[in-house]
Amino acid sequence: MKIIDIKHKKLLLSGTTVSNSVFLAVLSLLISLLISKAFVLEHFIGVFFITAISLSILFVDIFRYKPSYLKQRKMLILLGIMFFMTMVFSRATEYVLFTFVKGFGIPELKSLTYGIPVHSGAMLVALMFDSHTAIVFAFVMSIISGIWQQDPYYTFYVFAGSIVAAFSVIRCKRRTDLLRGGLYISAVNVVTAAIVAFLSAGDDIFQSFHSLIFAATTGITISAYVSIVLPTFEYLFKITTDITLIELLDLNQPLMKNLMINAPGTYHHSVIVGNLVEAASEQIGVNPLLARVTAYYHDIGKIKMPDYFVENQSSAISKHEKLTPHMSSMILISHVKEGLELADEYKLPEPVKDIITQHHGTNIIMYFYQKAKEEQAEPPDEEDYRYPGPKPQTRVAALVMIADAVEAASRVIKEPTPARVSGLVDKIINNVLLDGQLNECDLTLKNINVIKERFTYILLGILHKRIEYPGFDFNKPTFGEGEKDKGLDKESQQKDKDRHSGDKTPPQTGAKVLEFKKG
């Protein structure tokens, strides 16, 4: 049986290698056809091999340093499309500029090559992949462009501009930042075009002047092109860029507004969890924007029946009191499934869905498990009181899981001294570790120490004490307070009744109840 498995794996590996080689050969052939000036067989074969070797450098780098992209075949296909589309756009722009130059009777046609936006590919790769891949992409694209224009100085021109294009969008937080990146590219292109003009001392001064003008226009062209193409690729390949995350961070998003109105306790819990994860994310090498956005949306499944979750409960009477512990646990667990359904309905990106699924891991709902042990003659099955998982697969998911538990537990501290808050964070994290919830992610002990320090610091700021207001005793019961509570209880029950009667879909078995965080 073992021999069969090994052979099967070899067969799969061989199949993958063959398909990658074919993909690389086809891509090299298409790009060679695009950049060949005239079809002379010997020249074309030379261009093909140089292109194939250059592209191989990029793909070998991905296999070595970015193996996560190998798990998503669509990303490799997208990278190939980036190369092809960049060359197609460059050739189309060259044709337009050629027509423009001829129309104005400008004699020097070589200068128009400085107006070709070859650098756009590096900017797109930096936005959709990462800066490391964008740098290697810029290197390979500059070699291919030099072969295309048959000018070694052009390689330097494209490489310098592409590097700036990649770095200019590393901190891209809004779509207008693309315009700023375009301005940086124009500035660098003018400088490199001037350097090339000095190196080519024999060129006509008017040609150098035209080159500088064309170089200055490339930034605007690249900004416009990337602004149009980026949303298309985001939609077609379901890629989550920082710009997408910024849009999801807007609290006026329909789903967040729905959470704020229908489940205000969960909404504020999610905002504080967002503050906690963002405070620790940069120091443990996690995208802080992704961490905050996933924290905002991790509990959206509680929207439909918010009164059954403790943070939204306005009544003194728990809705769990008439339910069995098993039923209560099923209702608590169901908020993960309902969150995924809402995420699908509102088309949230995959990283957010992953956190919704993983933020409880396979944690046990200790409160109801212990309650069942006390009430039942036979010991209950522990698996019936555990979330289905999976356990956190990434550092972001682990961070949200810990922050979720810490924020909920911090609500029970009556005197939040630094020692008590620090002790609470330690206990929560130790429980998560002992339960094996972090076994499948790459969070290190060093990361965990950073998380403890940052969470304690943030919680102490949130749970700070205020001096008493002179002349007021807000803890003293006022006249009629008990009657007012009863009135609020009746109002809450009526709202719940109305909500049920207005729901056209029958309630699912075990749908939602009040959540008690992990004992």
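**Helix packing and burial in a predicted model**

Me: In this predicted model, how are α10 and α11 oriented to each other?
Reply: Helix α10 (residues 254-262) and helix α11 (residues 264-281) pack at an angle of about 125°. An angle over 145 degrees would count as roughly antiparallel, and 65 to 115 as roughly perpendicular. The two helices α10 and α11 are therefore oblique to each other.

Me: Which residue class in the contact of α10 with α11 has no members?
Reply: The α10 side of the contact is made by M256, L259, M260, I261 and N262, and the α11 side by P264, T266, Y267 and S270. By class, six of these residues are nonpolar and three are polar. The class without members is charged.

Me: What distance lies between the end C-alpha atoms of α11, and what span should its 18 residues have?
Reply: The expected span takes 1.5 Å times one less than the number of residues. For the 18 residues of α11 this gives 26 Å, and the end C-alpha atoms agree with it, at a distance of 25 Å.

Me: How many of the 18 residues of α11 are buried?
Reply: Buried means under 20% relative accessible area. By that criterion α11 is mostly covered, and the number of its buried residues is 14.

Me: Within what arc do the buried residues of α15 fall?
Reply: In helix α15 (residues 366-375), the residues F368, Y369 and A372 are buried. Seen down the axis of α15, its buried residues line one face of the helix, because they fall within an arc of 105°.

Me: Which helix is included in what covers the buried residues of α15?
Reply: The residues concerned are F368, Y369 and A372. Their cover includes residues 325-345, which form α13.

Notes:
Residues numbered from 1 in each chain as written. Predicted model: local features only at pLDDT ≥ 70, side-chain atom pairs only at ≥ 80, totals over all residues. Heavy atoms only, no water. Axes fitted to C-alpha atoms, helices over the stretch in contact; angles between N-to-C directions. Helix = DSSP H or I, 4+ residues; strand = E, 2+ residues; numbered from the N terminus. Parallel < 35°, antiparallel > 145°, perpendicular 65-115°, else oblique. Contact = heavy atoms within 4.5 Å. Nonpolar A, V, L, I, M, F, W, Y, C, P; charged D, E, K, R; others polar. Buried < 20%, exposed > 50% of the residue type's maximum accessible area, 1.4 Å probe, protein only. Arc of directions from axis to C-beta.
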